[in-house]
Amino acid sequence: MRAFLYSLVLVIALGVGAQMQVRLPPDRVAGVQSGLETRTEKAAEELRKHVEGNRLGQLSSKEVLSFYRWGLAVRTWKKERGAGVAPLMAEGVLMDCLSRLRGLKGFPLQPGRGILREIAGQYGKDAVKAFDAALKIDPNQMEARMRRARLRATTDVRALVDLEAVANDAAGSPLSYLAAISRAAIAHNNGDTTSAIRWYGRARALHPRSTAAAVGLHALTPDAQPFEGLDTDDLYYTYPCTVLTPGVQAQVAARVKRVGDAVPR
Amino acid sequence: MRSLIPAVLLLPISVGLASAQLQFKASTSLVRLEVSVTDDRGAVQGLRAEDFVVEDRELRQTVQVDASVDTPLDLVLVVQPLNAVAYTSSEQASRLAPGVSSFLDHVEERDRLGVFTGGAPPTRLRAFALGRASFDLESFVGGQYAAPFDAMASALREFPPSDRRQALVAFTNAVDFRSIIEFDTLADMARRLGPAFVLVSAPILVKDMIFSAAEGPGGRSMGVPVEATVSGYLFPRTLQLLANRTGGITVNLGDGDPKVLIKDMFTWLRTRYVISYTPPPGKGWHPVSVKVNRRGATVTAREGYFVD
């Protein structure tokens with residue numbers, strides 16, 4: 001497989017309908033052309049290495065279109081007077097969703113994103129920005145707080161503390177469960193077994209049929225957790241690309257549909 | 001069978017798994033490696049202890065060797081939902097489907113089998129039990145999102161202590177947006193636990209292009225634009241890593257008839273040498289090397305094992 005990639009690493013197609021438009025001495029023209037080819041070859045080699053190490057697939061054109069429409073709907077929505085927090089939540093969740101698509105090639109929603117970068121790495125920061133903006137308008141927006149904390153918690157201690165605060169929220173909403181299970185996952189994947197077990201325990205206290213907590217504990221503790229009776233719709237696995245704040249997802253769907261009706265297929 | 005890479009397996013049979021981190025205990029008295037030796041004609045049989053050179057932490061070991069052919073198997077099957085595979089590659093999904101069917105056809109009554117789907121969330125379709133399983137492909141269609149790493153992590157805990165050959169067989173494209181267990185954590189678990197990973201997948205087609213042009217003053221183009229294309233078929237690298245780490249193999253369903261490839265996979269699984277030795281002292285990572293004195297023979301060994 002690798003040999004095949006190597007063998008096809010670079011196809012330089014010269015003379016693709018271009019014409020000289022600047023008068024230069026022939027030796028300078030040759031120098032420009034040579035430099036262009038060298039840079040392209042280096043970029044192709046860089047791309048090859050990146051693809052070989054990271055690429056797992058590509059979004060279908062249907063999925064790309066649906067994300068594109070979501071992005072268009074949000075852009076229009078944000079311009080509406082008095083739109084409030086809702087479009088920012090829609091934008092943040094869209095970016096949060098895209099930030100998970102590791103290893104996939106896709107088409108960027110925003111200009112200035114290089115071809116060498118997969119779509120996932122580009123959108124985590126955008127999601128945080130959107131949730132920051134939402135929290136400026138409504139500091140009590142729990143979903144924005146939970147998602148922002150989860151996105152930043154691997155590198156920011158204050159975010160980790162905030163995630164724990166949401167997880168320990170006495171109201172015990174689904175967002176508390178998601179915060180607890182996310183906190184457990186961070187500890188687990190950092191090798192902090194003690195904390196992971198504690199936070200999986202908190203998640204199970206909030207959602208006794210949690211599949212995610214069972215999977216995590218199953219991996220960490222010798223006593224096997226029974227797989228029977230677990231939640232087959234565990235929110236941890238289904239929430240990433242859905243706005244949980246009541247009413248917002250329905251508005252997203254309606255607005256995306258309107259965009260779809262306006263944009264030719 | 002070009003896509004099958006022979007491997008060495010380290011079974012946990014004689015190894016304690018008592019700690020919360022699931023590491024091999026220092027009190028381990030015996031290490032058992034499952035070894036496959038192949039050459040151009042297939043499995044190399046008839047080897048004895050003196051034919052093997054086994055090093056643990058670069059120290060030559062005195063080993064016992066038992067050969068077995070047509071051995072019963074302990075298998076846990078993980079299937080990523082085919083709709084989830086199709087979410088990023090319909091071509092991969094169409095190749096995996098017949099592979100899963102062929103796998104189920106090859107399980108025998110003497111084998112033990114557990115079955116998981118790697119959906120989001122993962123589910124256990126069948127607890128570990130003796131005998132064949134009858135599932136149709138509808139059981140593995142599922143939704144568009146998948147958590148195969150969570151399913152594999154769960155499947156690892158299904159294996160009971162046994163002297164049978166043990167393998168976790170996963171049909172997946174390694175695309176995972178949902179698992180609580182990240183790939184690095186799974187890879188760490190894999191080198192601490194016994195079963196070999198047999199990863200069955202299909203390649204993706206890559207075709208990326210770069211277009212370059214030079215601009216002069218006023219944005220005018222200079223020279224002739226240059227276009228570069230990076231293209232080819234790519235098998236998920238992460239799957240190869242898991243296979244190597246556990247002494248397992250990858251099966252690339254893009255290499256030919258799925259029925260033939262799966263049949264060869266079972267032949268590989270059922271033919272083995274078991275190498276036993278007393279491990280050298282020392283905690284931490286024990287790199288392992290296994291060689292044989294047969295020209296042209298290939299031995300693939302588990303990379304090593306951990307002692308707490």
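Strands β4, β3 and β18 of chain B form an open sheet of 3 strands, in that order and with antiparallel pairing. The edge strands are β4 (42–43) and β18 (298–299) of chain B, each pairing on one side only. Between β3 (residues 37–39) and β18 of chain B there are 2 bridges, and the two strands run antiparallel. In this pairing B:Val37 has B:Val299, in β18(B), as its bridge partner. This description, like everything below, refers to a predicted model.

Chain B also has an open sheet of 4 strands, ordered β6-β5-β17-β19, and here too the pairing is antiparallel. β6 and β19 (304–307) of chain B stand at the edges; each has a single partner strand, so one side of each is left without a neighbour in the sheet. β17 (residues 284–292) of chain B is joined to β19(B) over 4 bridges in the antiparallel sense. B:Gly284 has B:Val307 of β19(B) as its bridge partner. Strands of a sheet pair through backbone hydrogen bonds, either parallel or antiparallel.

**Confidence**

The predictor gives the complex an ipTM of 0.85 and a pTM of 0.86. For chain B the mean pLDDT is 86, and 89% of the residues in this chain reach 70 or more. Among the elements of chain B, the lowest mean pLDDT, 27, belongs to strand β1 (residues 8–11), and the highest, 97, to strand β8 (residues 73–79). Over residues 1–27 of chain B pLDDT stays under 50, although the model has 95 contacts beyond four places in sequence for this stretch. Where pLDDT is low, the predicted coordinates should not be read in detail.

**Backbone features in loops of chain B**

Most residues other than glycine have a negative phi, and most peptide bonds are trans. The table lists departures from this in chain B.

| Site | Backbone value | Loop in chain B |
|---|---|---|
| B:Arg57 | phi near 55° | between β5 (52–56) and β6 (59–60) |
| B:Asp70 | phi near 60° | between β7 (64–68) and β8 |
| B:Ala120 to B:Pro121 | omega near 5°, cis | B:Pro121 between β9 (112–117) and β10 (123–130) |

The surroundings of the two positive-phi residues can be stated by neighbour count. B:Arg57 has 16 other C-beta atoms within 10 Å and is therefore partly exposed. B:Asp70 counts as exposed because it has 9 C-beta neighbours inside 10 Å; the cut-off for exposed is 12 or fewer.

**Chain A**

Chain A has 12 helices and 2 strands. Along the sequence the pattern is α-α-β-α-α-β-α-α-α-α-α-α-α-α. Of the 265 residues in chain A, 37% are buried. Among contacts in chain A with a separation of 6 or more, 56% are between residues 24 or more positions apart.

Helix α6 (residues 142–152) of chain A is mostly covered, with 10 of its 11 residues buried. The buried residues of α6(A) include the arginines A:Arg145, A:Arg147, A:Arg148, A:Arg150 and A:Arg152, as well as A:Glu143. A:Ala144, A:Met146, A:Ala149 and A:Leu151 are also buried in α6(A).

**Contact between the chains**

In the complex, 60 residues of chain A are in contact with 52 residues of chain B. On the chain A side, α1 (2–7), α2 (26–54), β1 (57–58), α8 (174–189), α10 (211–220) and α11 (235–238) each supply at least two residues. α2(A) gives the most to this side, with 15 residues. By class, the side of chain A that touches chain B has 35 nonpolar, 17 polar and 8 charged residues.

**Nonpolar cores**

The largest nonpolar core has 120 residues, and the members touching the most others are A:Ile181, B:Val78, B:Met152, B:Leu168 and B:Val198. α8(A) provides the largest share of this core, 9 residues. A second, separate core has 17 residues, among them B:Val63, B:Tyr273, B:Val274 and B:Ala301.

Apart from neighbours within four places in sequence, B:Val78 is in contact with B:Phe116, B:Gly118, B:Pro148, B:Ala151, B:Met152, B:Ala155, B:Leu168, B:Ala170 and B:Thr172. Two of the residues contacted by B:Val78, B:Met152 and B:Leu168, are also named among the core members that touch the most others.

Definitions and conventions: Residues numbered from 1 in each chain as written. Chains lettered and ligands numbered in written order. Predicted model: local features only at pLDDT ≥ 70, side-chain atom pairs only at ≥ 80, totals over all residues. Buried ≥ 20, exposed ≤ 12 C-beta atoms within 10 Å, placed from the backbone. pLDDT = per-residue confidence, 0-100. Contact = placed C-beta atoms within 7 Å. Nonpolar A, V, L, I, M, F, W, Y, C, P; charged D, E, K, R; others polar. Pairing = 2+ DSSP bridges. Core = buried A, V, L, I, M, F, W, Y, C linked by C-beta atoms within 7 Å.
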